[in-house]
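Please explain how this predicted model is put together, starting from its metal site and working outward. Running paragraphs would suit me better than a list.

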Amino acid sequence: MADIVSSLQVALEIAKQLRTLNEKLKDAEIKTLLADLQSELADAKVEAAGLKEQIAALIQKNTELASKLESRSREEPEMMNGGYKFGGEGPYCARCYETSGKKIRLPRSVGMHAHFGQWTCPVCQNHS
Ligand SMILES: [Zn+2]
């Protein structure tokens with residue numbers, strides 16, 4: 001893709017040269033049209049420069065998100081007493097991780113919950 005900002009810069013230069021040439025001809029209509037053309041090109045150049053900046057920012061954001069996603073999918077859970085552990089940390093609720101991708105730390109079951117499993121998820125209430 002040709003650089004739109006430099007293309008517009010060249011177009012502006014051409015319009016300027018045409019205007020200089022036209023000074024000798026003294027044609028008022030051509031003069032007006034050339035002035036309009038120059039002004040439109042200048043606006044387009046400013047706009048193109050803004051779009052270039054936006055695209056660059058979006059590309060950077062996209063790269064960040066892609067690498068975040070990649071590192072997330074590389075993080076494989078290991079089993080730990082009915083829950084999952086990640087990098088030695090845990091246990092986390094396996095059900096919440098599998099259904100919504102959320103890592104919910106499992107506290108030890110207390111009271112009547114202890115009859116159903118040693119951990120009780122505070123989010124999905126699953127016992128494990
Ligand atoms: Zn859960």
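Cys93 is buried, with 2% relative accessible area, and Cys121 is likewise buried, at 0%. Both values fall under the 20% limit that defines a buried residue. The model is a predicted one, and these two cysteines belong to its zinc site. The zinc ion takes its protein donors from the SG atoms of Cys93, Cys96, Cys121 and Cys124, at distances of 2.2 to 2.3 Å. Angles among the 4 donor atoms run from 106 to 113°, and the site is tetrahedral. The assignment follows because four donors count as tetrahedral if all angles lie between 85 and 135 degrees.

Along the chain, the donor residues follow the spacing C-x2-C-x24-C-x2-C. Cys93 sits in the loop between strand E3 (89-92) and helix H3 (94-100), while Cys121 is in the segment after H3, so this pair ties together parts that are 28 residues apart in sequence.

Strand E3 also takes part in a second link. Side chains of opposite charge can pair when their charged atoms come close. In this model the count comes to 1 salt bridge. Its partners are Glu89 and Arg105, whose closest N and O atoms are 3.3 Å apart. That distance meets the criterion, because a salt bridge requires a side-chain nitrogen of Lys or Arg within 4 Å of a carboxyl oxygen of Asp or Glu. Glu89 belongs to strand E3 and Arg105 to the segment after H3, so the salt bridge ties together parts that are 16 residues apart in sequence. Glu89 is partly exposed, with a relative accessible area of 42%, and Arg105 is partly exposed at 43%. The zinc ligands Cys93 and Cys121, by contrast, are buried.

The backbone has some points to check by eye. In strand E3 lies Pro91, and the peptide bond leading to Pro91 from Gly90 is cis, with omega near 5°. Asn81 is not a glycine, yet its phi is positive, at about 45°. This residue occupies the loop between strand E1 (78-80) and strand E2 (83-86). Asn81 is partly exposed, with a relative accessibility of 48%. Gln125 is another non-glycine residue with a positive phi, here about 65°. Gln125 is located in the segment after H3 and is partly exposed, at 45% relative accessible area.

What remains is the part of the chain that precedes these strands. Helix H1 covers residues 4-25 and contains Leu18. Together with Val10, Ile14 and Leu21, Leu18 forms a nonpolar patch on the surface, and the four have about 360 Å² of accessible area together. Leu18 itself is partly exposed, at 41% relative accessibility. A patch residue needs over 30% relative accessible area, a limit that the 41% of Leu18 passes.

Helix H2 spans residues 28-74 and includes Glu70. Glu70 is partly exposed, with 47% relative accessible area. A separation of 54 Å lies between the C-alpha atoms of Glu70 and Leu18, which are 52 residues apart along the chain.

Definitions and conventions
Residues numbered from 1 in each chain as written. Predicted model: local features only at pLDDT ≥ 70, side-chain atom pairs only at ≥ 80, totals over all residues. Heavy atoms only, no water. Donors = N, O, S within 2.8 Å, 3.2 Å for Na, K, Ca; no water. Tetrahedral: all angles 85-135°; square planar, octahedral: opposite > 155°, others 65-115°. Helix = DSSP H or I, 4+ residues; strand = E, 2+ residues; numbered from the N terminus. Buried < 20%, exposed > 50% of the residue type's maximum accessible area, 1.4 Å probe, protein only. Patch = residues over 30% accessible without salt bridge, like charges linked within 9 Å, V, L, I, M, F, W, Y side chains within 5 Å. Areas by Shrake-Rupley, 256 points an atom, 1.4 Å probe, with all protein chains shown as cover.
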